[in-house]
Amino acid sequence: MPNAREFNFDGLVGPSHNYAGLSFGNVASFNNVKSASNPKQAALQGLAKMRALAARGFAQAVLPPQDRPNFRLLRSVGFTGSDSEVLAKAYKESPVILACAYSASPMWTANAATVSPSADTADRRVHFTPANLNNKLHRAHEHVQSARALRAIFADERHFAVHDALPGTPAFGDEGAANHTRLCSAHGADAVEMFVYGRVEFDAAAPAPRRYPARQTLEASEAVARLHGLNAARTVYVQQNPDVIDQGVFHNDVIAVGNANVLFYHEQAFADEQGALFQLRQAMAGVDAELTPIRVDTGMVPVQDAVKSYLFNSQLLSKEGGRMALVIPQECQEVESVARYLEGLVRGGGPVDELIHFDLRQSMRNGGGPACLRLRVALTDEEARAMHQGVIMTEALYHQLVAWVEKHYRDHLEPKDLADPALAIEVNAALEELTRILGLPGLYDL
């Protein structure tokens, strides 16, 4: 078994971070619609998390933000003229579309792609499939730049394969790693890949939520598994509970998180809890790993408290000695049932023996916690050397990026500011400088 480390690629929050409330089904996003945001604080909060985890010895890297506003989107739907005229017309005629073009949601890199490490794939390369995110207009155009960034960072085709996104149709609704979990004995070992879906496109009788949309389809999950060359015996498909989707659990990573052989999940996470556990145990027996489930009962933490605190959107990280740390947002300490549960969890003698807290309120108010902000990429030593080194978080890079944020980011942004041509110019200038800092020339088509 080759030695491998899991790199967390955190999304760098972009200069256009704003609260447009575009994501129906995401309760936090919808509740904070049209509030004033603080892009500078959001970016600094994310960088502080990256720095702290890197200092602890966890492999940490950065995924750059996308260029905004998306003038291609605005022009494709009929807004014409100079850039400033396009912005003015869009703000006057359809401020929602303008907000979609300015969306900073790519900061949640858990939605950027699904990743299968080389230990799991037929050709022994690391495979990436950018998520098409076709359920929401503001996200459906992200995959083009996501693929561009991934191909720039993972350019060596001897080790990496970056696929195109799946067809942008309802049948192949794909939300990336937010609905994907890898379970194994160690990051470099053979693993079971679990895909969680919300609905089945080609079976009208299959259960589905009624209030909020199910964004991931079974068909999309199966297609990604085929593209990545996964072993069918080590691939498990589990349906998310439609009732929890209707309670604001828009992705599986809002109700469950896995790491190594541990699955930390809520009692109501899956449509068939016992069936899901049985499938996982059977598949994991084939890779010499034993599933360790940590079940959170509804009586201890109601679903609404899990959603409010983003308990399960925490990062579960392996430490030396086989124990794990849970990286949680500060909100977990502010919801009584969750705080009480976590206190018992770390004292209970199980695999999780440490809590690491971060203030990520700017992200949380837009509906994304610690796990949303990062894409997990398990790499062997050779693969880690083959990827672009300029995105790896170091103390020097941290200070460069903090200075960059302080120079370019606003500390107050309201919906009306999206019509300001100066904001577009500021974002352009910031991203041009970022490509030099990260050593990724040509990353953007500015």
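**Figure 1. Packing of helix 15 against helix 16 in the predicted model.** Helix 15 spans residues 395-408 and helix 16 spans residues 421-438. Their axes lie 10 Å apart and form an angle of about 165°. Helix 15 is therefore roughly antiparallel to helix 16, since angles over 145 degrees are counted in that class. The two helices cross in a right-handed sense. On the helix 15 side, the contact comprises Leu-397, Gln-400, Leu-401, Trp-404, Lys-407 and His-408. On the helix 16 side, Glu-426, Ala-429, Ala-430, Glu-433, Leu-434, Ile-437 and Leu-438 take part. By residue class, this contact between helix 15 and helix 16 holds eight nonpolar, two polar and three charged residues.

**Figure 2. Packing of helix 2 against helix 15.** Helix 2, residues 39-55, packs on helix 15 at an angle of about 175°, and the axes of the two helices are 10 Å apart. Helix 2 and helix 15 are therefore roughly antiparallel to each other. Helix 2 contributes Lys-40, Ala-43, Leu-44, Leu-47, Ala-48 and Arg-51 to the contact. The residues from helix 15 are Glu-395, Tyr-398, His-399, Leu-401, Val-402, Val-405 and Glu-406. Eight of the residues in the contact of helix 2 with helix 15 are nonpolar, one is polar and four are charged. Leu-401 of helix 15 appears here and also in the contact with helix 16.

**Figure 3. Leu-401 and the largest nonpolar core.** This core has 102 residues, and the members touching the most other members are Phe-9, Phe-154, Phe-270 and Leu-401. Helix 16 supplies the largest share of the core, eight residues. Leaving out residues up to four places away in sequence, Leu-401 touches Leu-12, Leu-47, Val-62, Met-393, Leu-434 and Ile-437. Of these, Leu-47 belongs to the helix 2 side of the contact with helix 15, while Leu-434 and Ile-437 belong to helix 16. Another core, of 21 residues, lies apart from the largest one and includes Ile-294, Val-301, Phe-312 and Val-352. In soluble globular proteins, nonpolar side chains tend to be buried together.

**Figure 4. Packing of helix 4 against helix 5.** Helix 4 covers residues 83-93 and helix 5 covers residues 95-102. The angle between them is about 130°, with the axes 5 Å apart. Helix 4 is therefore oblique to helix 5. Leu-87, Ala-90, Tyr-91 and Glu-93 of helix 4 meet Pro-95, Leu-98 and Tyr-102 of helix 5. The residues of this contact between helix 4 and helix 5 comprise six nonpolar, no polar and one charged.

**Figure 5. Surroundings of Asp-83 in helix 4.** Asp-83 is partly exposed, with a relative accessibility of 40%. Not counting residues up to four places away in sequence, Asp-83 touches Phe-71 and Arg-75. Pro-415 is 332 residues away from Asp-83 in sequence, and their C-alpha atoms are 18 Å apart.

**Figure 6. Loop residues with a cis peptide bond or a positive phi.** Most residues other than glycine have a negative phi, and most peptide bonds are trans. The bond from Arg-68 to Pro-69 is cis, with omega near 0°. Pro-69 sits in the loop between strand 2 (59-63) and helix 3 (71-76). Arg-124 has a positive phi, near 60°, and is placed in the loop between strand 3 (113-116) and strand 4 (126-130). Leu-133 also has a positive phi, about 50°, and lies in the loop between strand 4 and helix 6 (137-140). Arg-124 is partly exposed, with a relative accessible area of 47%, whereas Leu-133 is buried, at 2%.

**Figure 7. Contacts of Gln-45 and Thr-181.** Gln-45 lies in helix 2 and is buried, with a relative accessible area of 11%. Apart from neighbours within four places in sequence, Gln-45 is in contact with Asp-359, Leu-360, Arg-361 and Gln-362. Thr-181 lies in strand 6, residues 180-184. Thr-181 is buried, with a relative accessible area of 7%. Not counting residues up to four places away in sequence, Thr-181 touches Val-192, Glu-193, Met-194, Asn-252 and Gly-258.

Conventions
Residues are numbered from 1 along each chain as its sequence is written. This is a predicted model: local features need pLDDT of at least 70, side-chain atom pairs count only at pLDDT 80 or more; totals for chains, interfaces and linings use all residues. Side-chain values use heavy atoms; hydrogens and water are left out. Axes are lines fitted to C-alpha atoms, for helices over the stretch in contact, and angles run from 0 to 180 degrees between N-to-C directions. Helices (H or I, at least four residues) and strands (E, at least two) are DSSP runs, numbered from the N terminus. Angles under 35 degrees count as roughly parallel, over 145 as roughly antiparallel, 65 to 115 as roughly perpendicular and the rest as oblique. A crossing is left-handed if the near helix is turned anticlockwise from the far one by less than a right angle, and right-handed if clockwise. Contact means heavy atoms within 4.5 Å. Ala, Val, Leu, Ile, Met, Phe, Trp, Tyr, Cys and Pro count as nonpolar, Asp, Glu, Lys and Arg as charged, and the others, Gly among them, as polar. A nonpolar core is a set of buried Ala, Val, Leu, Ile, Met, Phe, Trp, Tyr and Cys residues joined through side-chain atoms within 4.5 Å. Buried means under 20% relative accessible area, exposed over 50%, partly exposed in between (1.4 Å probe, protein chains only).
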